[in-house]
Structures are given as structure tokens and as C-alpha cells.
Amino acid sequence: MGGPIVGIDLGTTNSLVAYCDAKGPRVLESEGRRIVPSVVRYEPDGAGGWRTIVGGIASEGAIQRPLHTVSSAKRLMGRSLEDAREDLAYLSYRVVEGENGQARIAIPAGDPPSADARLVTPQEVSAEILRELRRIARDVLGEEVSRSVVTVPAYFDDAQRQATRDAGRLAGLEVVRVVNEPTAAALAYGLGLDPARGPQTVAVYDFGGGTFDVSILKIIPSEAEGEPAIYQVLATAGDTHLGGDDIDYEIVRLFAEDISEIRRRAGLEAVELMDLAPQTRRALVGFARLVKHRLSEEQTARVEIIVDEHLRYEREISREELESIMAPIVERTLRACERARRDAERKGAAKIDAAVLVGGSTRIPLIRRRVGEAFGVEAYTALDPDEVVALGAGVQASILAGTGDESRASLLLDVIPLSLGIETVGGAVAKLITRNSAVPARATEMFSTSVDGQGEIKLHVVQGEREMVSDCRSLGVFILKVPPMPAGVPQIEVEFMVDANGVLNVSAIERRSQRQAQMQVVPNHGLTRDEVERIESESLEHAREDMARHRVVDLIANSRLDCKWIGERLERFATELDPPYASELRVKLDALIRLVAAAQSDWRSIDPDLFYRTKQELDELSVRLQEIAISSTLREGQG
């Protein structure tokens with residue numbers, strides 16, 4: 001398929017489309033505007049259908065039509081209603097539960113609103129924004145556009161990445177590559193990198209409207225014409241549900257508390273935020289955003305809000321007050337920076353040469369100051385934080401299309417943010433691909449059964465850093481049907497493949513029967529607000545306990561097979577064994593059986609080293625029994 005490939009930054013607050021040719025990358029504009037607000041208004045057309053308005057016009061009319069105007073839909077992408085519950089008080093539109101618990105947006109069918117409503121998925125909202133960006137690209141480039149590179153937060157999981165691809169398909173766009181936003185930003189940053197300076201280690205701090213990511217990359221400039229520059233992601237960390245919106249919400253909470261106090265003093269009933277009219281909630285969020293923008297440039301900002309006919313709210317907010325409000329949010333981002341930095345150091349990154357700021361929220365002076373302090377360098381601000389991701393996406397699009405300057409050719413080496421594995425006997429996790437592995441990635445491991453005569457095997461795919469399935473996140477389950485065989489005989493080869501877009505494909509084949517099954521992991525919804533941080537911190541906090549439990553669980557599974565095999569052959573060949581040897585075998589076998597039973601009852605009561613030694617002693621002692629069994633089998637075969 002020919003035609004141009006464009007780069008798209010599909011943002012929580014704003015979206016952009018960029019194109020790169022031999023002249024270099026540029027953000028495409030329509031009617032003098034490069035930025036398209038990520039806002040969609042749905043209006044009944046009076047004939048039983050709907051019409052949509054996208055961008056600035058939809059945003060400007062949001063207060064008048066709050067129930068019909070959708071913004072920040074990216075925060076709902078690939079997420080359940082339960083995941084999104086904390087956001088609901090700040091959204092003027094209704095969010096309800098859809099299929100599989102996923103978040104859906106309920107748009108009233110009439111005006112004034114009636115009981116009937118159209119349910120819209122976040123993917124459909126994003127598709128409307130992508131259609132508008134596609135239209136801009138078509139008008140500017142003068143030809144139809146059907147392919148794109150779309151950026152996503154580095155910490156978007158499989159569900160959120162798949163939701164992004166679905167949105168592209170709904171908009172008539174083939175998403176040829178999904179690129180992590182910090183990686184795209186580094187690609188744009190590296191355009192003017194002087195090869196004479198040699199490799200650089202760059203931290204990309206990406207604080208957008210709804211998501212936060214930090215990535216540590218090594219950029220190796222091309223040394224000779226025709227050789228690609230290399231962008232290797234060393235580590236990544238972040239939170240798919242933390243962004244500038246959260247700062248807005250903290251300011252709104254301040255407004256709401258003040259308004260409730262004023263109402264109480266006036267003898268009126270105090271109201272909760274959720275009880276305010278949708279127009280009021282929409283207005284408060286808009287005012288909060290204006291205050292944040294004003295205080296990024298000035299020391300104070302004044303707010304005047306007419307709440308109702310009885311109440312007028314006036315207040316002055318200082319930059320110092322804003323910094324106090326947002327300090328906990330900034331600290332959360334810096335903790336993620338420290339995790340990424342530690343991971344990068346393990347891969348040889350001794351120091352950070354530059355810290356690149358991405359996302360509109362990085363215009364806030366406090367963030368610029370704290371990021372510089374965290375990485376020990378002055379934050380790099382030469383690139384427009386709103387445009388840098390789109391420009392990098394445009395560069396990657398030109399590389400895939402072969403339309404850009406060949407001297408700018410680049411090789412992207414991205415990473416997997418959280419480990420991927422499969423459930424084993426006893427609820428343990430066998431990790432096939434560990435976090436911060438480069439993508440595309442592939443891993444294969446052999447497994448077998450632990451029960452005689454299994455006709456099907458359940459393969460449970462999980463994501464996380466803990467050692468037990470109960471502490472990780474389920475990604476999906478599929479079944480492999482096999483002919484019934486004794487325990488331990490089937491040879492099941494499981495393969496994990498993560499493509500360049502970060503999408504996981506899992507396959508399994510039983511080698512003896514050649515039976516196979518596979519799945520593309522598409523879970524119902526994404527990570528919760530604090531799950532990423534919790535997953536990583538708990539993996540460190542419980543590392544010793546988790547490893548001990550995993551070890552005991554594996555010993556139980558292997559010991560049960562050993563006890564079964566040795567017990568059966570001990571009875572069968574009892575007459576061929578010396579009585580002292582048979583007696584010693586029974587003592588060791590009974591000891592291991594007791595340990596297995598105790599470990600199944602309470603794994604914490606077991607010393608893993610004692611368990612392992614007992615199993616090893618029985619295995620070593622049973623070698624003569626195995627030789628007798630093999631000799632007997634050979635004699636039977638010859639007969």
C-alpha cells in the first residue's frame with residue numbers, strides 16, 4: 001500500500017499530526033492551528049442520527065453542552081468503570097458500565113436530556129479525533145492518508161495499546177506502528193545531535209494531560225552516511241493514570257471546599273462535588289486549568305465564579321499555593337524517575353547527559369526545577385513540549401515510508417515495562433520475558449503436566465513483578481487440548497512474542513502430538529491508577545518472601561512427581577531390592593511425602609533448604625531403583 005504515513009500524537013488534552021519528508025518533520029496545521037483539542041461533542045441531528053464536532057469548537061461550547069461534550073477520553077481507554085471511578089466527580093458527562101465492566105460514555109439522546117442515551121466507547125471518541133487529524137493531513141498534503149504511526153504512553157498495557165489500534169481502525173487508519181511517547185520525543189531531540197559528541201544518555205520526562213512516563217535512553221548518533229542512529233531504551237517507568245488533569249482536579253477540590261464553606265456560612269446546605277450541576281463541574285475544571293496556565297507565567301491568579309443566583313465565589317491563588325497543592329503529584333513522578341534511573345544504571349548508564357521535557361504540564365516552573373534537580377542537569381526546553389512527540393512520530397513514519405532524509409535514519413530499540421509470564425503448578429509464575437527487555441522480544445520455555453491423564457491444559461498469562469499469580473495481573477487464559485498421558489510425559493513448548501508495537505502473542509504446542517493453540521492477549525481493561533507503582537514497590541518489598549514461596553511451590557510440584565514414580569516402582573520391584581536398601585528408600589520417601597503435605601498446608605512452616613536437601617537425597621538414593629526399572633523395561637522389550 002502506497003501513500004504517505006503520518007505521525008500522530010493522540011493526547012489526553014490535545015492531539016497533533018506531523019509529517020516528515022526530505023525537508024524534515026513538521027506539525028501540520030489547519031486554519032492556522034497546529035493543536036487540536038482532544039474534545040468531541042455529540043449532537044442529535046433531529047432525524048434519529050448524530051453529528052459530531054471535534055476540536056476547538058467542541059471545547060468552546062463545553063460549558064453550554066456538558067453532557068454531550070467528551071474530553072480526556074484517553075484516561076478511559078482500555079479501562080473498567082471501577083478503574084475510572086475516581087475521575088467521575090470531575091467529568092461533566094456520564095460514564096457507565098458496559099460490556100465486561102468496561103467504561104462507556106452515555107450521551108443523552110435529547111435536549112433537555114431524556115432517559116434514552118447513546119453509549120459511546122472511549123475508542124469511538126478517539127476515532128473522531130483521529131478522523132479530524134486525518135482530514136487535516138489530507139488537506140495539507142493533497143492526497144488521501146490511510147496509514148499512521150500513533151504514539152502511546154510507555155506504560156500503556158496490552159489493552160490500552162489494542163484500544164488505540166482499534167480507534168485507528170475505526171477512523172480508517174492503519175496503525176503501522178505504535179511508538180512510546182518518550183521514545184518519539186527522544187527521536188525528535190536527537191535530530192540535531194552532533195555525532196562528534198558521541199553517545200548520550202537522555203532522560204525523557206513526559207508529563208501530559210492524563211499520563212506520565214519517564215524513559216532513560218541511550219542515543220548513539222550515526223558515524224557514517226547510510227548508518228542509522230540508534231535509540232536504545234534502557235529503562236522506563238510511569239503511571240498511565242497520572243497527569244496534568246490530576247493537578248486540575250486538586251485545584252477543583254480546593255474550589256469545591258471553599259464554595260461549600262461559603263454556603264455553610266450563608267446558611268445554605270453544603271454540596272458535594274458530584275452534586276454540582278454538570279455545567280458547574282465543567283466550568284470549575286476549565287477555571288482550574290486557566291489558573292494553572294496563568295500561574296506558570298505569573299505569581300498570582302484571580303478567580304471569580306458565579307456559582308448560582310445566591311452565590312459568587314472570588315479568590316486569589318498564588319504560585320506558592322499551587323506548588324503546595326501539586327507537590328505530592330510531582331513527588332510521585334520523581335519516584336518513578338528514580339526507579340527508571342536505578343534500572344538504567346544496571347545497564348551501564350553512569351550519568352544522565354540531558355533531561356528532555358515533554359507534555360504541556362512541564363511548562364510549570366516547579367516541575368522544570370524539580371526534574372533538573374532529580375537528574376542533576378538543567379532541563380532541556382528548546383523543543384516545544386506540546387509538539388515534540390508528534391514530530392518524533394513523524395520522523396518514525398518517514399523511516400517506515402522511506403520518504404525522509406536518509407541521513408536521519410534511526411533504529412528504535414524500545415522496552416517492555418512489566419514482566420510477562422505464565423502460571424505454573426501451585427499458583428507460581430514462570431517469567432518468560434522480564435521488564436525492561438528490548439522489543440521486539442521472543443522467549444520460549446518447556447513445561448509438562450503434573451496430573452496423569454490430563455486431556456486439556458489451561459495456560460494462564462500474567463503480567464507483573466511478583467512470584468505468585470495472586471499478586472500479578474491476569475492478561476488472559478487459553479486452553480491447549482492434548483491426548484491423555486502420564487504426568488510429566490507431555491512436552492509443552494510455550495512461546496511469548498512481543499512485536500514492535502508492544503502487543504503480546506502467546507502460542508503453545510505439545511511436541512509429541514503436535515496439538516497447538518495460540519492467543520493474542522487482549523484483556524478487558526487496563527491498569528488501575530496506582531497499580532504500576534504498587535507492582536514495582538511490592539516486588540521489592542516482598543522479594544525474599546516471594547522467592548521462598550515460589551521455590552517451595554516448585555519443590556512441591558516436582559516432589560509429588562518423584563514420590564509417585566518412586567513409590568510405584570518401589571512396590572513393583574520390591575523383590576529385586578536388598579532389604580536394607582528398600583527400607584532406606586521407604587524412610588526417605590516417607591520423609592519427603594510428609595514435607596510435601598506440610599508445605600501444601602502452610603508453605604511458611606517449611607525450610608526450603610531442608611525441603612530441597614530431602615528431595616535431592618531421595619533422588620540420589622533412587623538411582624539404583626531407576627537402573628533396575630530401566631533394565632526390566634529393556635528385558636521386556638527384548639522378550
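Helices, such as the one labelled α11, are DSSP runs of H or I with at least four residues, numbered from the N terminus. Keep that in mind as you explore these close-ups of a predicted model.

**View 1. The second largest pocket and its helix α11.** This pocket has a volume of about 620 Å³. Lining it are 24 residues, and Glu-423, Thr-424, Val-425, Phe-447 and Ser-448 are the closest to its centre. Helix α11 (543-572) provides at least two lining residues; in fact its six residues are the largest share of the lining. Strands that each supply at least two residues include β21 (420-423) and β24 (441-447). Sorted by class, the lining holds twelve nonpolar, eight polar and four charged residues.

**View 2. The largest pocket and its lining.** Here the volume is about 1200 Å³. Look for Thr-13, Asn-14, Asp-248, Arg-289 and His-293, which lie nearest the centre among the 50 lining residues. Which element gives the most to this lining? That is α6, with eleven residues. Other elements supplying at least two residues each include β2 (14-21), α1 (56-60) and α5 (244-265). The lining counts 18 nonpolar, 19 polar and 13 charged residues.

**View 3. Gln-102 in its loop.** Find Gln-102 in the loop between β8 (94-97) and β9 (103-108). Is Gln-102 buried or exposed? Its relative accessibility is 17%, and buried means under 20%, so Gln-102 counts as buried. The side chain of Gln-102 also makes a polar contact of 2.8 Å with the side chain of Arg-104.

Technical notes:
Residues are numbered from 1 along each chain as its sequence is written. This is a predicted model: local features need pLDDT of at least 70, side-chain atom pairs count only at pLDDT 80 or more; totals for chains, interfaces and linings use all residues. Side-chain values use heavy atoms; hydrogens and water are left out. Buried means under 20% relative accessible area, exposed over 50%, partly exposed in between (1.4 Å probe, protein chains only). A polar contact is a pair of N or O atoms within 3.5 Å; within protein, one must be able to donate a hydrogen and the other to accept it, and residues adjacent in sequence count only if both atoms are side-chain atoms. On a 1 Å grid over the protein atoms alone, a cavity is a set of points where a 1.4 Å probe fits but cannot get out, and a pocket is an open set with protein on both sides within 12 Å along at least five of seven lines; lining residues have an atom within 4 Å of a point. Grid points are joined across faces, edges and corners, and a volume is the space filled by probe spheres set on the points. Ala, Val, Leu, Ile, Met, Phe, Trp, Tyr, Cys and Pro count as nonpolar, Asp, Glu, Lys and Arg as charged, and the others, Gly among them, as polar.
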